[in-house]
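Trainee: Could you take one buried spot in this model and look at it closely? Please then follow the chain outward from there.

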Amino acid sequence: MSTGQRSMPPGGWDRIVLNGITAIGHHGVFEHEKRNGQPFVVDVVLHVDNRAAEASDDVTYTAHYGVLAERVTDVIASGPYNLIEKLAGELAAMVLAEFEVAAVDITVHKPQAPIEVPFGDVSVQIHRERA
């Protein structure tokens, strides 16, 4: 997929959104997190210009979200990393290296984080753009 000259299209960037990509990772500050692993849930927002895909109705003119989902699970399973901030950065770097996008938003959720009080979720959100 191409974002052309990488200037923002009229009306702003389109977005492709994948929510809830889940895989087991071995990330965390504590040794038992690295040893045992736990689920990590990732949301990805791609900032793209979808006009060529819209006009052609051809998947080669857009980011293939099936391939993206597989690559996200590969990165979750890599590492280990101490921090989900590091995992989020690795995911963003992969997206920018492998997909033709103007920018990416990554949210990494760690629903089983070792927190001693009841909680619903903990997550880190980052936004990265092409240089």
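**A lysine and its surroundings**

Mentor: Start with Lys34. Set aside its neighbours within four places in sequence. Lys34 is then in contact with His26, Gly28, Val29, Pro80, Tyr81 and Asn82. Keep in mind that this is a predicted model. Lys34 itself sits in helix α1, which covers residues 31–36.

Now look at its charge. Lys34 is buried, yet it has no salt bridge. The nearest side chain of opposite charge belongs to Glu31, and that is 5.5 Å away. A salt bridge here needs the nitrogen and the carboxyl oxygen within 4 Å. What does the side chain of Lys34 meet in a polar contact? One partner is the side chain of Asn82, at 2.6 Å. In addition, a polar atom of the Lys34 side chain lies 2.3 Å from the backbone oxygen of Gly28.

Go next to Pro80, one of the residues that Lys34 touches. Pro80 lies in the loop between α3 (65–77) and α4 (84–98). Check the peptide bond that leads into it. From Gly79 to Pro80 the bond is cis, with omega near 10°. Gly79 comes just after α3 and takes a positive phi of about 100°.

Step back into α3. This helix has 13 residues. From its first C-alpha to its last it reaches 18 Å, close to the 18 Å expected at 1.5 Å a residue. Which of its residues are buried? They are Leu68, Val72, Val75 and Ile76. Seen down the axis of α3, the buried residues fall within an arc of 100°, so they line one face of the helix. What does that face pack against? The buried residues of α3 pack against β1 (14–25), β2 (38–48) and α4.

There is charge on α3 too. The side chains of Arg71 and Asp74 meet in a salt bridge, 3.1 Å from N to O. The two residues are three apart in α3, so about one helical turn separates them. An α-helix has 3.6 residues a turn, so residues three or four places apart point the same way. Both partners are partly exposed. Arg71 has a relative accessible area of 24%, and Asp74 has 43%.

Move on to α4, which has a pair of its own. Lys86 and Glu90 meet in a salt bridge of 3.0 Å, N to O. They are four residues apart in α4, about one turn of the helix. Lys86 is partly exposed at 42%, and Glu90 is partly exposed at 29%. Salt bridges that share partners also join Arg71, Asp74 and Glu98 into one network.

How many salt bridges does the structure hold? It holds five. Another pair is Arg51 with Asp49, at 2.6 Å from N to O. Here the two ends are set differently in the fold: Asp49 is buried at 10% relative accessibility, whereas Arg51 is partly exposed at 44%.

One last stop is Asp57, in the loop between α2 (51–56) and α3. Asp57 has a positive phi of about 55°, although it is not a glycine. Is Asp57 buried or exposed? At 73% relative accessibility, Asp57 is exposed. Set that beside Lys34, where we began: Lys34 is buried and has no salt bridge.

Technical notes:
Residues are numbered from 1 along each chain as its sequence is written. This is a predicted model: local features need pLDDT of at least 70, side-chain atom pairs count only at pLDDT 80 or more; totals for chains, interfaces and linings use all residues. Side-chain values use heavy atoms; hydrogens and water are left out. Buried means under 20% relative accessible area, exposed over 50%, partly exposed in between (1.4 Å probe, protein chains only). Lys and Arg count as positive and Asp and Glu as negative; His and the chain ends are not counted. A polar contact is a pair of N or O atoms within 3.5 Å; within protein, one must be able to donate a hydrogen and the other to accept it, and residues adjacent in sequence count only if both atoms are side-chain atoms. Contact means heavy atoms within 4.5 Å. The expected span of a helix is 1.5 Å times one less than its number of residues. The arc is that of the directions from the helix axis to the C-beta atoms.
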